[in-house]
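User: I'm learning to read protein models, and the labels confuse me. Please show me how each one is earned.

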Amino acid sequence: MGSLYSEYLSPTKVLEHYNYTKETLDVPQTLSRQVALVLIIILCCAIVVENLLVLIAVARNSKFHSAMYLFLGNLAASDLLAGVAFIANTLLSGSVTVHLTPVQWFAREGSAFITLSASVFSLLAIAIERHVAIAKVKVYGSDKSCRMLLLIGASWLISLVLGGLPILGWNCLDHLETCSTVLPLYTKDYVLCVVTIFSVILSAIVVLYVRIYCVVRSSHAEVAGPQTLALLRTVTIVLGVFIVCWLPAFSILLLDYACPVRSCPILYKAHYFFAFATLNSLLNPVIYTWRSRDLREEVLRPLQYCRKVAGVQGRRGGTPHHRLLPLRSSSSLERGTHMPTSPTMLEGNTVV
């Protein structure tokens, strides 16, 4: 146990692994590189702000406390933490990397794997919820709130375990020949395992959506309404954007597994592929707020309030106190004389 801790805290271990897997560690701090780092930081700050606004909107309005919005809120939380993790990863990369101890390096990379796992499991939870609500047409009552929260908690627990496996011992600190080129302290087997798990989950999600689509298209009942189809399109867009953004990164990791050390120079450019993957966390809140007028209004209300207050203070003649107006529903069904009992149609009123 003592030798394990001594290796985890060794100040030279990371440098040893990077020397073995990389052709060169000299990364000149050119102006273009510095500009790119600043742009990445700004991008990540935008990710944090966007997803924080979504979380606030979902938390403060009881209209968004249904199963679907709880899972979307969980996805927003994972995207927010992904933005924070990528900021830390960016600030601790480059010349700083070789000065890290292994435990610091594991924390840097593990946080990214944990948030990625949480995003994948959130997409799976959304797919299961859509399958239950549309294919099974079951009502999500208040008695199932604990079950949904337990599902969300379990997804984070599994993500923590999956991202923490290297620091728990599944690493290549004593076996340089098994190390990944992209992630020099991770074993190639671990990287392949993670990519395989994610690929299987995403394939299962695609199968669920195909099944849902078939049920909706073949149904002549209330479940096949336009709101339901719009909702199905939205979650399908979210899944499609995730696959498009992360497919290059997954491909690089698979290539990393197949390539012997120092034989594939493109692996040294892997950070560009992961930077592209980060766009997924920026686009998710844009997609489901753009597709839902109610959620969009709720997300923008704090910004509108701040702008209104700033305008009043600028004119000096306005009243100093303003209250937020209650959220007006965009749904014609909610303005009707009765509320629908189908959870699908109820959620379809605020198309997410």
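User: What makes up residues 149-170, helix or strand, and how far apart are the ends?

Analyst: This is a predicted model, so local features need a pLDDT of at least 70 and side-chain atom pairs one of 80 or more, while totals for chains, interfaces and linings use all residues. Residues are numbered from 1 along each chain as its sequence is written, and side-chain values use heavy atoms, leaving out hydrogens and water. With that said, residues 149-170 are 91% helix and 0% strand, and their end C-alpha atoms lie 30 Å apart. "Helix" here is a DSSP run of H or I with at least four residues, "strand" is a run of E with at least two, and both are numbered from the N terminus.

User: Why pick out that stretch, and what does the record call it?

Analyst: Residues 149-170 are one of the spans that an unreviewed UniProt entry lists as "transmembrane region". Careful, though: UniProt positions are put in the numbering used here, feature names are shortened, and annotations may be inferred rather than shown by experiment. Another listed span is 190-210. Residues 190-210 are 100% helix and 0% strand, with 30 Å between the end C-alpha atoms.

User: How many helices and strands does the whole protein have?

Analyst: The count is 11 helices and zero strands. Reading from the N terminus, you meet α after α.

User: S159 sits in helix α6. Why is S159 called buried?

Analyst: Buried means under 20% relative accessible area, exposed means over 50%, and partly exposed is what falls in between (1.4 Å probe, protein chains only). S159 has 0%, so it counts as buried. Across the protein, 44% of the 352 residues get that label.

User: What does S159 touch, apart from residues up to four places away in sequence?

Analyst: Contact means heavy atoms within 4.5 Å. By that rule S159 touches I114, S117, A118 and F121. S117 is 42 residues from S159 along the chain, yet their C-alpha atoms are separated by just 5.1 Å.

User: What makes a set of residues a nonpolar core?

Analyst: The members must be buried Ala, Val, Leu, Ile, Met, Phe, Trp, Tyr or Cys residues, joined through side-chain atoms within 4.5 Å. The largest such core here has 71 residues, and W105 and Y209 touch the most other members. Helix α5 (residues 102-136) gives the largest share, 13 residues. Beyond its neighbours within four places in sequence, Y209 has contacts that include I126, A127, L232 and V235.

User: How do you know that R60 and E298 form a salt bridge?

Analyst: Side chains of opposite charge can pair when their charged atoms come close. The rule asks for a side-chain nitrogen of Lys or Arg within 4 Å of a carboxyl oxygen of Asp or Glu. For R60 and E298 the closest N and O atoms are 3.1 Å apart, so the pair passes. This pair links distant parts of the chain, with R60 in helix α3 and E298 in helix α10, 238 residues apart.

User: Are the two partners buried or partly exposed?

Analyst: R60 is partly exposed, because its value is 43%. E298 has 2%, so E298 is buried.

User: How many salt bridges are there, and which residues make a network?

Analyst: There are five salt bridges. E7, K13 and E16 are linked in a network of them. Within that network, the closest N and O atoms of E16 and K13 are 3.6 Å apart. Both residues lie in helix α2, three residues apart, which is about one turn. E16 is partly exposed at 34%, but K13 is buried at 13%.

User: What is the distance for R108 and E109?

Analyst: Their side chains meet at 2.6 Å, N to O, in a salt bridge. R108, at 6%, counts as buried, and E109, at 8%, is buried too.

User: Last one: what is odd about phi of R262?

Analyst: Phi of R262 is near 65 degrees, a positive value in a residue other than glycine. R262 is in the loop between α8 and α9. At 39% relative accessibility, R262 counts as partly exposed.
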